[in-house]
Every structure is written in C-alpha cells, then in structure tokens.
Amino acid sequence: MKKIILTITLLILALAFTTDNTIITVKGSDTMVILAQRWAENYMKKHPNVTIQVTGGGSGTGISALINGTTDICNSSRPMKASEKEKLKQRFGTLGVEIKSAKDGLAVYLNEKNKVDNLTLEQIRDIYLGKITNWSQVGGDNAKIIVYGRENNSGTYVYFKDFVLAGKDYVATMQSMPGTAAVVNAVAKDKNAIGYGGAAYGKGIKFAKVNGYEPTAENVKNGKYPITRYLYMYVRTKPTGAIKDYIDWILSSEGQEIVTKVGYFPVR
C-alpha cells in the first residue's frame with residue numbers, strides 16, 4: 001500500500017512540474033467584461049498553456065483588486081485616481097502601468113418607442129441633474145422621465161459624472177443598476193426611461209443622437225460624437241512574460257479586430 005501511495009504521489013509531483021500552465025487573472029470594468037471575455041477566449045485557443053480568468057464587478061472593484069494584489073490585470077473604463085495610484089505605490093512601490101486598450105462611444109440609451117431621437121449634451125446633463133423631468137421639455141410625450149444609471153463603484157458612473165455632469169451630483173431619483181446590461185434591460189422595458197453605458201451593449205434599445213451624432217466608429221474617430229473615452233488596462237509594474245505577451249496581442253491588429261467585432265473602437 002505504501003508503495004502505491006508513494007507512486008501516486010510521485011506521479012502527481014511529476015505532472016505538476018511538467019505541466020506548464022500559466023494563469024492570468026483579469027478583473028474590473030463591467031463595460032469591458034464582454035470584450036475581455038472575447039479577448040481571453042480567442043487568445044486561449046491559440047495558447048492552450050495559458051488560462052485567463054475574467055471577472056467584472058466594476059472599475060473600482062478591479063482597481064481595489066490591483067492594489068490588494070488579487071488580480072494581475074485591472075480593466076477600467078476610467079483613469080485611475082491619484083489617490084488610488086498612491087495606495088498602489090504604498091503597497092508595491094509603483095504607480096502602476098496604464099494601457100489604453102480600446103475606445104468607447106459612451107451611449108445614451110432610449111426606449112425604441114420614445115419619440116425623441118436627439119438630445120444635446122446640455123439637455124442630457126439637465127435630465128441627470130433633475131432640471132428636466134418631463135419628455136415634453138425635449139420634444140417628446142408629456143410623461144415623466146425615468147432616469148437610470150450605474151452604481152458608484154462603476155467607472156462609467158464616474159466618467160459620466162465628471163464629463164457630462166461636470167462633477168455635479170446625479171438627481172436623487174436616479175435608479176442605480178448593478179451593471180450595464182441591467183440598465184439596457186430597464187430602458188428596453190420602459191418607454192419613458194433613459195440610461196447610459198457602453199455602445200457595445202445597445203441591444204433592444206436605441207441610441208440617442210448627441211448634438212446630432214450617433215456613437216458610430218466614424219463619429220468617434222473624427223471627434224464628432226461628444227461622449228467618448230478610452231478603456232484602460234492597468235498592471236502593477238511593466239508587464240513581462242505571459243502577461244506582456246497577452247497585452248501585446250490585445251494591442252495587435254488581431255486583438256483590435258475583436259474590439260470592433262464586440263462593438264467598441266480600436267485605439268489605432
């Protein structure tokens with residue numbers, strides 16, 4: 001019996017030493033989850049010795065995981081704050097490395113039955129600040145505007161607040177949703193709803209034109225669509241080994257082609 005146990009133990013140890021499998025963990029932005037999963041799936045097909053584990057939870061959650069040392073790569077739909085970089089420096093002696101991995105035309109979602117097709121940036125701001133409360137004020141039906149948004153750990157929540165609302169607080173009646181898909185679902189079910197999120201999630205709703213322009217690849221590239229942003233990847237130090245190979249592939253023409261297929265826009 002002892003010989004059998006010893007033999008099994010040696011076989012397990014041998015397997016452990018001969019199996020060259022690398023695990024890369026990716027965590028963060030809900031906006032980027034679909035894109036990150038597509039990257040991971042396609043990369044692993046060609047690199048069977050690499051396992052890439054992708055989870056969401058929001059940009060803030062991903063940044064916290066990077067600071068805590070529980071993820072290799074953080075996905076974020078907003079830049080890291082100075083205070084977050086300082087925490088990273090205190091723990092690891094580095095401010096982190098920022099990689100712009102894609103561009104997003106941050107879309108304003110409307111129900112398909114809504115008469116309104118175009119909103120100015122100022123009108124969107126006033127809706128989310130509670131200054132405009134009825135669709136009739138922007139050319140629609142006489143109906144109360146039902147406002148949806150993201151939770152405050154979301155990079156999209158932060159970006160929208162900083163860029164669209166100029167740093168002011170959201171209207172108190174805004175219904176905060178745990179993910180972009182939940183925002184889309186809510187707007188799709190309510191004729192009088194409005195929401196916001198990544199352009200890649202726009203299924204079953206319509207995009208509002210903003211200042212006359214839709215979030216298309218051409219309008220994002222030429223700067224005509226006014227609500228655009230980069231989607232970031234963060235690592236603690238200059239990437240090396242398998243992580244560098246993976247990031248290099250994401251930034252290659254093959255990786256950027258997936259960006260387009262998912263519904264976002266390449267960085268080049």
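**Exercise 1. Locate Asn211 and describe its backbone and exposure.**

Solution. Asn211 sits in the loop between strand S11 (209-210) and helix H8 (217-221). This placement, like everything below, is read from a predicted model. Next, take the backbone. Phi of Asn211 is near 55°, a positive value in a residue other than glycine. Then take the surface. The relative accessible area of Asn211 is 40%. Partly exposed covers the range between 20% and 50%, so Asn211 is partly exposed.

**Exercise 2. Do the analysis again for Ala166: find its place, its phi and its exposure class.**

Solution. Start with the place. Ala166 lies in the loop between helix H6 (155-164) and S8. Its phi is near 55°, a positive value in a residue that is not glycine. Now the exposure. Ala166 has a relative accessible area of 54%. The threshold for exposed is over 50%, so Ala166 is exposed.

**Exercise 3. Determine which residues of helix H5 are buried, and what covers them.**

Solution. H5 spans residues 121-129. Its buried residues are Leu121, Ile124, Asp126, Ile127, Tyr128 and Leu129. Now look at the cover. It includes strand S5 (107-110), strand S6 (118-119), strand S7 (146-150), H6, strand S9 (193-197) and S11. Finish at the end of the helix. Gly130 follows H5, and its phi is positive, near 85°.

**Exercise 4. Characterise Lys131: place, exposure and contacts.**

Solution. Lys131 belongs to the loop between H5 and S7. Its relative accessibility is 53%. The cut-off for exposed is over 50%, so Lys131 counts as exposed. For contacts, set aside neighbours within four places in sequence. Lys131 then touches Asp126, Gln137 and Lys168. One distance completes the picture. Lys131 and Val171 are 40 residues apart along the chain, and their C-alpha atoms are separated by 8.6 Å.

**Exercise 5. Place Gln175 and decide whether it is buried, partly exposed or exposed.**

Solution. Gln175 is in strand S8 (residues 175-177). Its relative accessible area is 36%, so Gln175 is partly exposed. Leaving out residues up to four places away in sequence, Gln175 touches Ile146, Val147, Tyr148 and Gly149. Now compare with H5. Gln175 and Leu129 are 46 residues apart in sequence; C-alpha to C-alpha, they are 13 Å apart in space.

**Exercise 6. Describe the nonpolar cores, then follow Ile52.**

Solution. The largest nonpolar core has 38 residues. Those with the most contacts inside it are Leu35, Trp39, Ile52, Ile73, Tyr109, Tyr246 and Tyr264. Helix H2 (residues 33-46) gives the largest share of this core, 6 residues. Beyond its neighbours up to four places away, Ile52 touches Ile24, Val26, Ala40, Tyr43, Met44 and Tyr246. A second, separate core has 33 residues, with Ile127, Tyr128, Tyr157 and Tyr196 among them.

**Exercise 7. Work out how H2 packs on helix H9.**

Solution. Two packed helices are described by the angle between their axes and the distance between the axes. H9 covers residues 241-251. The axes of H2 and H9 are 11 Å apart, at an angle of about 110°. Angles of 65 to 115 degrees count as roughly perpendicular, so H2 is roughly perpendicular to H9. The crossing is right-handed. On the H2 side, the residues are Ala36, Trp39, Ala40, Asn42 and Tyr43. They meet Ala242, Asp245, Tyr246, Trp249 and Ile250 in H9. By class, this contact has 8 nonpolar, 1 polar and 1 charged residues.

**Exercise 8. Treat H2 and helix H10 likewise.**

Solution. H10 runs over residues 253-262. The axes of H2 and H10 come within 10 Å and cross at roughly 140°. H2 and H10 are therefore oblique to each other. Their crossing is right-handed. H2 contributes Ile34, Leu35, Arg38, Trp39, Asn42 and Lys46. H10 contributes Glu254, Gly255, Ile258, Val259 and Val262. The residues of this contact divide into 6 nonpolar, 2 polar and 3 charged.

**Exercise 9. Is Asn75 buried or exposed, and which residues does it touch?**

Solution. Asn75 is found in strand S3 (residues 73-76). Its relative accessibility is 3%. Buried means under 20%, so Asn75 counts as buried. Residues up to four places away in sequence are not counted. Asn75 then touches Val26, Lys27, Gly28, Ser29, Met32, Ala36, Ser59, Tyr232 and Met233.

Conventions:
Residues are numbered from 1 along each chain as its sequence is written. This is a predicted model: local features need pLDDT of at least 70, side-chain atom pairs count only at pLDDT 80 or more; totals for chains, interfaces and linings use all residues. Side-chain values use heavy atoms; hydrogens and water are left out. Helices (H or I, at least four residues) and strands (E, at least two) are DSSP runs, numbered from the N terminus. Buried means under 20% relative accessible area, exposed over 50%, partly exposed in between (1.4 Å probe, protein chains only). Contact means heavy atoms within 4.5 Å. A nonpolar core is a set of buried Ala, Val, Leu, Ile, Met, Phe, Trp, Tyr and Cys residues joined through side-chain atoms within 4.5 Å. Axes are lines fitted to C-alpha atoms, for helices over the stretch in contact, and angles run from 0 to 180 degrees between N-to-C directions. Angles under 35 degrees count as roughly parallel, over 145 as roughly antiparallel, 65 to 115 as roughly perpendicular and the rest as oblique. A crossing is left-handed if the near helix is turned anticlockwise from the far one by less than a right angle, and right-handed if clockwise. Ala, Val, Leu, Ile, Met, Phe, Trp, Tyr, Cys and Pro count as nonpolar, Asp, Glu, Lys and Arg as charged, and the others, Gly among them, as polar.
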